[in-house]
Amino acid sequence: MGGHPNTRPEVVVRYHRWAMAPLLANRWSVLQPVLNILSTDHVCVVGAGFGWGVDALIAESSATVVGIDISDYIASEQGTTEESELRAQVSVVGLDPDTGRGLEVMNFIFDGQPRSNVVVLQNDAASGPQRKEVRTALGGNWPSVVIAENVIDDTWTDNEIVSMRDSMNGFGGLQRLIFLYKGTTARTHQNLFDLLPGTKEVISTDGQVYLT
Ligand SMILES: C[S@@+](CC[C@H](N)C(=O)[O-])C[C@H]1O[C@@H](n2cnc3c(N)ncnc32)[C@H](O)[C@@H]1O
């Protein structure tokens, strides 16, 4: 936000809506022309976090989309605002969030809205009742597309990945399965692709497909 005096550290905003929602909007504007999710699709986004990617995907595709995430933190905080955390970030650099420059920064980074614009179900699609909950959220339709949105990292074992794929496939097996994955040296895109035989798409978060 403009320049800041070098007499104090800058205010740091990381996994907050003001910083992340534009990044996810940009990500989905790159992905949608490649993936071509249809406006008639019913989409389940697995590992949706606070649903900022869900917002972005709806904006890009006009599809019907529900996000799911297993995190207790997401479930308990999605309806709350970020105010206390952002005030703390402003205070920690020596500004007063209620007056002067501190208030200006607060007004810039905090819009008063809850973290999520959409309801993210606390769900990992691993059981029949959970999958029915997804269907209900999609207006009584099974998902035609299931996307793992940047869920896998290097802490995941092969078995855990296969098990998540099975959950994603448990909607009947006819849906598109898409793995949005950053890719690491330890687990390349090709490695993930080979681990999951059958029909699925592996795409990088930058919109490229790195398969050999
Ligand atoms: C790195 S975050 C990604 C958040 C968001 N999709 C993004 O791209 O910014 C991964 C999320 O996946 C969730 N997650 C991990 N395993 C899951 C599972 N089996 N089912 C649903 N969500 C899961 C975590 O709780 C976490 O919120």
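How are H1 and H2 oriented to each other, oblique or roughly parallel? They are oblique, a class that takes in angles outside the ranges for roughly parallel (under 35 degrees), roughly antiparallel (over 145) and roughly perpendicular (65 to 115).

The structure is a predicted model, in which local features need pLDDT of at least 70, side-chain atom pairs count only at pLDDT 80 or more, and totals for chains, interfaces and linings use all residues. Residues are numbered from 1 along each chain as its sequence is written.

The chain contains eight helices and six strands. Helices (H or I, at least four residues) and strands (E, at least two) are DSSP runs, numbered from the N terminus. Their order along the sequence is α-β-α-β-α-α-α-β-α-β-α-β-α-β. Along the principal axes, the C-alpha atoms fill a box of roughly 60 × 40 × 30 Å. The chain has 212 residues, of which 33% are buried. A residue is buried if 20 or more other C-beta atoms lie within 10 Å of its own, exposed if 12 or fewer, and partly exposed in between, with C-beta atoms placed from the backbone. Two residues are in contact if their C-beta atoms, placed from the backbone, lie within 7 Å. Of the contacts between residues at least 6 apart in sequence, 64% join residues at least 24 apart.

Helix H1 spans residues 17–35. Its buried residues are Arg17, Leu24, Arg27, Trp28, Leu31 and Leu35. These pack against helix H2 (52–61), strand E5 (176–181) and strand E6 (201–204). General practice describes two packed helices by the angle between their axes and the distance between the axes. For H1 and H2, the angle is about 40° and the axes are 8 Å apart. Axes are lines fitted to C-alpha atoms, for helices over the stretch in contact, and angles run from 0 to 180 degrees between N-to-C directions. The crossing is right-handed, meaning that the near helix is turned clockwise from the far one by less than a right angle. H1 contributes Arg17, Met20, Ala21, Leu24, Ala25, Arg27, Trp28, Ser29 and Gln32 to the contact, and H2 contributes Trp52, Gly53, Ala56, Leu57, Glu60 and Ser61. By class, eight of the contact residues are nonpolar, four polar and three charged. Here Ala, Val, Leu, Ile, Met, Phe, Trp, Tyr, Cys and Pro count as nonpolar, Asp, Glu, Lys and Arg as charged, and the others, Gly among them, as polar.

Most residues other than glycine have a negative phi. Asn36, just after H1, has a positive phi of about 50°. Asn36 lies in the loop that leads to strand E1 (42–46). Asn36 is exposed because it has 9 C-beta neighbours inside 10 Å. Asn150 also has a positive phi, near 65°. Its loop runs between strand E4 (145–149) and helix H7 (158–169). Asn150 is partly exposed, with 19 other C-beta atoms within 10 Å.

Asn150 is also among the closest residues to the ligand, with Gly47, Gly49, Ser71 and Asp124. The ligand is surrounded by 15 residues, each with its C-beta atom, placed from the backbone, within 6 Å of the molecule. This shell divides into seven nonpolar, five polar and three charged residues.

Strand E4 also holds Ile147. Ile147 is buried, with 30 C-beta neighbours inside 10 Å. Residues up to four places away in sequence aside, Ile147 touches Val43, Val45, Val46, Ile178 and Leu180. The C-alpha atoms of Ile147 and Asn191 are 18 Å apart, at a sequence separation of 44 residues.
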